[in-house]
Amino acid sequence: VGATKDENVNAQKCFNDFGEAYDIFVPSKLKITNSEIGTIYVNNHATFNAGSGSIINQIISKPLVNGTINIEAGAEVTSMIIDQYSNSYPPKVNIKSGATVKTLQLNSINKSKVSIEDGATIGKIIWCGNEYTSIEEFKNAQ
């Protein structure tokens, strides 16, 4: 799977009929590179990094407490659905320049913890029920 992980953590993987990892549950810390993955489930307090060459259908975290999701340059994600559980421990979402996310859905998330760099490509952003078709429009939203 071209995945690297913290040596103390065992990410759980589900495989398809061809022996390729399809779903991965991230309980603590995981970075993948040059891999195609169906769904990544990110647990509370976990850190997930989608590195260069990663093609991910979905990243889901419902709800996420104090976790971090990083989408690095060269990674492609079809859909991200991130829910915040606590205002005291909001999750962090970082999308780097050169990364692509087709749909970013942020439900009840503290917008100050979302970083989208210029040069990232985002198809649409759904934040607290409102849809934005540009990064700039999202950044300027109240």
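**Reading strand β6 and serine 54**

Biologist: In which sense do strand β4 (residues 29-32) and β6 pair, and over how many bridges?

Modeller: Two strands pair if DSSP finds at least two bridges between them. Here β4 and β6 do so in the parallel sense, over four bridges. This is a predicted model, where local features need pLDDT of at least 70, side-chain atom pairs count only at pLDDT 80 or more, and totals for chains, interfaces and linings use all residues. Residues are numbered from 1 along each chain as its sequence is written, and side-chain values use heavy atoms, with hydrogens and water left out.

Biologist: Which residue of β6 stands opposite lysine 31?

Modeller: Asparagine 49 of β6 is opposite lysine 31. β6 also pairs with strand β8 (residues 68-71), in the parallel sense and over four bridges. There, threonine 47 has threonine 68 of β8 as its bridge partner.

Biologist: Where does serine 54 lie?

Modeller: Strands are DSSP runs (E, at least two residues), numbered from the N terminus, and helices are runs of H or I with at least four. Serine 54 sits in the loop between β6 (47-50) and β7 (55-64). The protein has 14 strands and one helix.

Biologist: Why does serine 54 count as buried?

Modeller: Buried means under 20% relative accessible area (1.4 Å probe, protein chains only). Serine 54 counts as buried because its relative accessibility is 0%. Of the 142 residues in the protein, 44% are buried.

Biologist: Which residues is serine 54 in contact with, leaving aside its neighbours within four places in sequence?

Modeller: Contact means heavy atoms within 4.5 Å. With those neighbours left aside, serine 54 is in contact with Ile32, Thr33, Asn34 and Ser35, and also with Gly74, Ala75 and Glu76.

Notes
Buried < 20%, exposed > 50% of the residue type's maximum accessible area, 1.4 Å probe, protein only.
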